[in-house]
Amino acid sequence: MLNMKKLLVNALIWFPIISLAQDNSASIWQTVLDGFTTGDDPAESCLTNGYTVQVESTNGADDAFDFLEMKVTPWHNGGLLFGCKAKNSNWQCIKSCFGTNGNNPNFFDFKYLTFLAKNENEELQPGCVPSVSLSKRWPMYNSKVVNVTGEVVQRQSLVSHEWRRVVIPTSNFATTEWPALDGVKHLWFRTCGKEFGHNQPLYKISNIQLTDDPPSIGPEIIPIWNTVQDSFAKEDQTKSCTTRSAPFTSTAQDPSGFDTFTAATDPWRSVGLLLGCQGKDSNWQCNHSCFPWDGSSPDFSDTSFFLTFLAKVNGDFTDSCKPSIGFSGGGWPRLNSNTIILEDGYVDAGELVSDEWRRVVIPLSDFATPEWDLSNMYSLQFHSCGTAHSGAQPTYTIAQMEVTDVPPTLIEIPPASIDLATHRKFNKFWYPIFGEGRDDKTWMYVSDGIWPTGSFPDYQVVVVIPKDEHVIFDIYDTTKYDKVIVYGSLNITTSKSNVLLRPGTLIVESTGVVDISTHPSKPYTVTIEIDAELDRNSDPEETTVGVLSLGGTMNVRGNPLINFMAPLNSTAIAGTSSITIAGSTVSTEWKIGDELVLPDTQQGLDVSHWNFPKNVPGGYTDQTEYVTILRIDVDLDGNTILTLSSPLQYNHNIGAHAGHLTRSVTFVTSSSSVDRGHIMYTGGGAMNFQYVRLEQFGRTTVDKIDNTVMEDISGLNFDDDLAQMTVTHQGSNQLARYVFHAHLSQVESYLHGSVILFSPRNGCVHHHSRVHTTNTVFVGAAGSAVFLEDGTETGTVINNFLVGNGRGSRGGDDGRFSSSNGMDMGHGGFGIWARGQFATIENNRAEGHFGLAPFAYFIHPKFIEKLKIPDVPGTPSQLVGKSLQDVWRMLKPNPLNIQTFGSFKGNTAYGTWKTGLDILYFGGNGSLFVDTELVALASSGRQISTTHTSFLQLEGGMIEAAFPDNTIVGVWCNNGGPLVINYEDVPMMDVFQERGGNC
């Protein structure tokens with residue numbers, strides 16, 4: 001029986017022991033004794049690391065030889081030492097490695113270094129491969145590192161289950177500094193380095209030689225059918241080795257010069273080759289032997305080999321009838337292998353054709369089944385399509401059929417047409433492909449900078465601004481466009497009137513630039529009004545409807561505003577139509593008709609009760625109010641009196657502020673839009689929004705995240721950034737459809753002086769980006785007004801006004817952390833929520849009612865410890881590319897705390913919440929929270945709550961409970977050990993209990 005392992009053993013092992021006496025070869029290591037200095041002193045090893053093992057034969061003499069086992073560490077290589085290790089008083093070498101004279105060898109005296117090797121650890125991470133190098137005695141040089149992969153090793157790589165020959169040209173080691181490779185001191189079998197931990201190569205090495213005449217390392221090729229004679233028995237050319245006779249089989253010679261074998265199937269039978277012994281004489285001697293023509297049956301159980309041949313096919317092929325192949329054998333009753341369809345990755349260009357030879361390569365492992373290991377082969381069959389197929393059956397023409405251990409390279413499948421793709425990848429994520437003909441819309445292209453004119457039906461027109469086209473848009477256009485796609489530039493400005501643009505989706509491609517601005521000297525405004533319905537067939541992940549910038553640039557600037565918030569000088573009384581603002585600065589900047597927000601300042605809500613808000617007598621009502629200025633006056637004390645267009649419904653206490661909501665540029669989702677818009681930007685384009693109002697944006701809600709799942713199961717060969725997606729699950733609450741979302745942005749971006757109104761989840765999201773959110777008013781974000789998503793964010797959140805209106809799930813983040821793998825977070829109702837400690841969070845003011853907390857940190861190390869900080873301009877250079885673990889190691893022995901690269905300073909809150917400052921998983925890093933002021937209006941709750949935090953410092957600030965009859969705890973600790981906290985200088989006023997839990 002032919003066994004490929006035994007057939008190839010001589011080529012694999014190659015045992016000649018080459019002595020130093022030969023001119024062109026030298027033996028370095030053959031036996032255990034070669035691992036010691038001359039004299040075989042066991043105390044004087046010639047190994048730098050590792051140890052030798054001597055094995056006894058278990059499979060015959062050919063398999064018995066000594067070997068070295070090299071156990072490298074993350075810090076140390078293993079290898080052999082050359083030259084003199086000890087000298088006598090006359091400076092003569094008495095203990096030598098490699099030879100007897102103590103000289104260090106010159107590797108360049110030989111053309112090749114060769115050895116046998118295994119790698120016992122086949123679970124190496126990408127980037128870690130077995131490798132070797134040399135080093136020189138003096139001066140101390142290192143050679144190039146040579147990876148033991150590819151053409152220098154038999155079958156392309158080392159494995160654990162068999163010895164493979166390595167042959168390296170010594171010239172591969174040479175460097176400019178050390179071209180002669182003289183005076184070699186070490187032969188190193190190398191570690192992959194400490195970044196791979198203890199997951200390192202485990203070398204077994206034997207028969208190390210230097211030679212000018214190396215053995216061949218393959219590929220090993222075993223012919224099955226190459227000539228016409230291979231169709232007949234070795235003993236008798238009248239006996240066939242095909243499963244059927246003519247006309248179903250025939251042989252010929254191709255004009256290219258090689259013989260061919262044709263197998264014509266019919267509806268009832270397949271056609272192929274017989275293998276092994278097919279008949280015996282009266283003495284039971286084989287007299288009808290086919291491949292391998294020695295009377296044995298082939299054994300293909302070594303599934304590291306490949307079956308390969310050239311092929312052409314004819315036939316009427318359909319989805320249910322395709323060319324295919326299989327084996328039978330395994331004794332009696334005969335077993336069948338898996339059937340392999342000859343297409344896709346098995347075939348040149350992905351399919352066989354009738355007019356061109358194409359290569360087929362199939363791993364034998366793909367034929368094997370649980371019942372049959374491919375031993376005792378009987379036949380190879382080219383399959384018919386059976387009686388159910390009404391068309392012509394397959395006819396196969398075959399040449400050069402072989403089994404080999406190194407597969408030939410196939411011609412890649414030609415890329416499928418982009419017309420067949422549905423999605424494109426940009427910055428690691430998938431987005432729909434937009435193009436004329438992909439929908440039933442009318443596509444109109446800007447030419448000569450002129451926006452399309454005329455009367456168009458709503459939702460039916462796509463306007464495209466091609467690259468190098470520049471458009472100035474300054475009209476009030478009531479058309480509801482399906483999409484506006486910008487490859488060139490779009491300048492929206494107010495020159496003579498208010499401006500209105502109504503796209504379903506505004507798409508800014510990587511070459512596109514959108515500039516939007518107003519003039520402070522003119523009374524005109526710009527409104528971008530989103531009005532559309534999602535098409536989940538073409539966009540199942542709901543990336544459209546709103547603003548989508550795929551590497552494009554957007555600069556949006558409204559009229560500047562300094563006073564975006566101002567303190568009440570006295571309590572605003574329900575039923576009255578005026579409020580008093582401290583000071584007169586707003587009197588010259590705020591205008592009649594401007595809108596304001598007055599936060600909810602009601603007192604005494606029992607928000608920590610398990611049944612809130614159902615426990616509120618008469619029911620809970622949010623008392624946030626939105627008012628319009630009718631008149632502006634300044635009183636004798638220099639305070640500003642604002643007369644409102646309608647009476648107040650509720651009191652708003654002194655201590656609260658009025659937030660200014662009017663901006664000259666507005667992005668808003670239309671009341672007629674079926675779906676809400678969102679703004680997401682990603683990639684390398686700039687995003688700069690200043691003095692802009694974003695209203696009724698955001699689509700993700702505080703319900704549990706339910707994402708759409710897509711995959712490309714088409715089998716088409718697209719470029720890496722294209723796919724034909726099939727939906728396997730249509731989600732109902734997509735992650736990441738927020739109001740203003742920096743999604744893996746590669747440049748610094750800015751949200752300044754703006755307004756975000758009424759988000760069903762998050763307002764401004766910093767996601768693996770560097771965003772500066774400043775002087776912005778946030779109202780009514782159900783999840784988190786500002787959300788720092790991954791813990792890798794290094795931007796700033798400074799001087800913002802956060803107004804809560806009692807929304808959110810009111811649940812903590814631990815509740816969904818495990819089930820969502822840390823993705824469904826910040827849903828409880830927060831002002832600012834951060835997962836990391838690298839951002840600067842300072843001088844923010846939170847007022848109103850927050851479902852859980854105005855300020856929160858959730859730094860769970862299992863989610864963030866391996867995420868690397870992105871290389872965004874402005875990021876501290878010492879952080880770029882580092883994970884949290886890397887930063888910990890960099891700072892040792894000092895801890896990473898919040899003030900190392902970021903800060904939490906001067907943040908204040910006045911309102912109702914379950915927890916004022918919620919701190920989770922800070923550990924014992926000594927983070928410093930400076931000048932934090934928390935004035936609680938509820939009757940219950942906690943001002944500061946810590947979980948798994950054992951060392952925290954407060955400096956300055958104030959903790960106060962304003963409702964007289966309260967049960968509020970000043971600082972609550974929920975962790976395994978006592979919290980060490982310095983709050984002797986932080987007054988705690990009127991709280992029911994200063995410390996709770998295990999503080």
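Let's start in the middle of a sheet, where T580 stands opposite I641 in strand β41. The structure is a predicted model, in which local features need pLDDT of at least 70 and side-chain atom pairs count only at pLDDT 80 or more, while totals for chains, interfaces and linings use all residues. Residues are numbered from 1 along each chain as its sequence is written, and side-chain values use heavy atoms, with hydrogens and water left out.

Strands here are DSSP runs of E with at least two residues, helices are runs of H or I with at least four, and both are numbered from the N terminus. Two strands pair if DSSP finds at least two bridges between them. T580 brings us to strand β38 (residues 578–581), which pairs with β41 in the antiparallel sense over 4 bridges. Strand β40 (residues 625–634) also runs antiparallel to β41, and 5 bridges join the two. Along that pairing, V634 stands opposite T640, and D633 has I641 as its bridge partner. β40 and β41 form a hairpin with 5 residues between them, and G638 in the turn has a positive phi of about 85 degrees.

Now zoom out a bit. The open sheet has 6 strands in the order β37-β42-β39-β40-β41-β38, with antiparallel pairing. At its edges are β37 (565–567) and β38, each of which pairs on one side only. Neighbouring strands of this sheet are turned by 40 degrees against each other on average, direction ignored; the axes behind that angle are lines fitted to C-alpha atoms, for helices over the stretch in contact, and angles run from 0 to 180 degrees between N-to-C directions. As general background, strands of a sheet pair through backbone hydrogen bonds, either parallel or antiparallel.

Which side chains of β41 are buried? Buried means under 20% relative accessible area, exposed means over 50%, and partly exposed is in between (1.4 Å probe, protein chains only). Along β41 (residues 640–644) the side chains alternate: T640, L642 and L644 point to one face and are buried, while I641 and T643 point to the other and are not.

A helix gives us another buried face to look at. In α5 (residues 884–891), the buried residues are L884, D886, V887 and L891. They sit on the same side of α5 because they cover an arc of only 155 degrees around the axis, where the arc is that of the directions from the helix axis to the C-beta atoms. Their cover includes α4 (861–864) and α6 (898–901), with contact meaning heavy atoms within 4.5 Å.

On to the rings. Rings of Phe, Tyr and Trp (its six-membered ring) pair if their centres lie within 6.5 Å; planes under 30 degrees apart count as stacked, over 60 as edge-to-face and the rest as tilted. By this rule the count comes to 30 aromatic pairs. One of them is F291 with W293, an edge-to-face pair at 5.5 Å centre to centre and 85 degrees between the planes. F291 is buried at a relative accessible area of 4%, and W293 counts as buried at 19%. Another pair, F382 and Y396, is tilted, with 5.0 Å centre to centre and 40 degrees between the planes. That pair links distant parts of the chain, since F382 lies in strand β23 (residues 377–382) and Y396 in strand β24 (residues 395–404), 14 residues apart. F382 counts as buried at 0% relative accessibility, and Y396 counts as buried at 0% too. Back at F291 and W293, these two form one aromatic cluster together with F300, F327 and F367.

Some rings have a charge over them, meaning that NZ of Lys or CZ of Arg is within 6 Å of the ring centre and within 35 degrees of the ring normal. The charged end of R334 sits over the ring of Y378, 3.4 Å from its centre. For R942 and the ring of W972, the distance to the centre is 4.0 Å.

Finally, a few backbone oddities. Most residues other than glycine have a negative phi, and most peptide bonds are trans. W138 and P139 are joined by a cis peptide bond with omega of about -10 degrees, and P139 lies in the loop between β9 (131–136) and β10 (146–147). Another cis bond joins F612 and P613, with omega of about 5 degrees. A349, which is not a glycine, has a positive phi of about 60 degrees and is buried at 15%. K428 is not a glycine either and has a positive phi of about 80 degrees, but K428 is exposed, at 63% relative accessible area.
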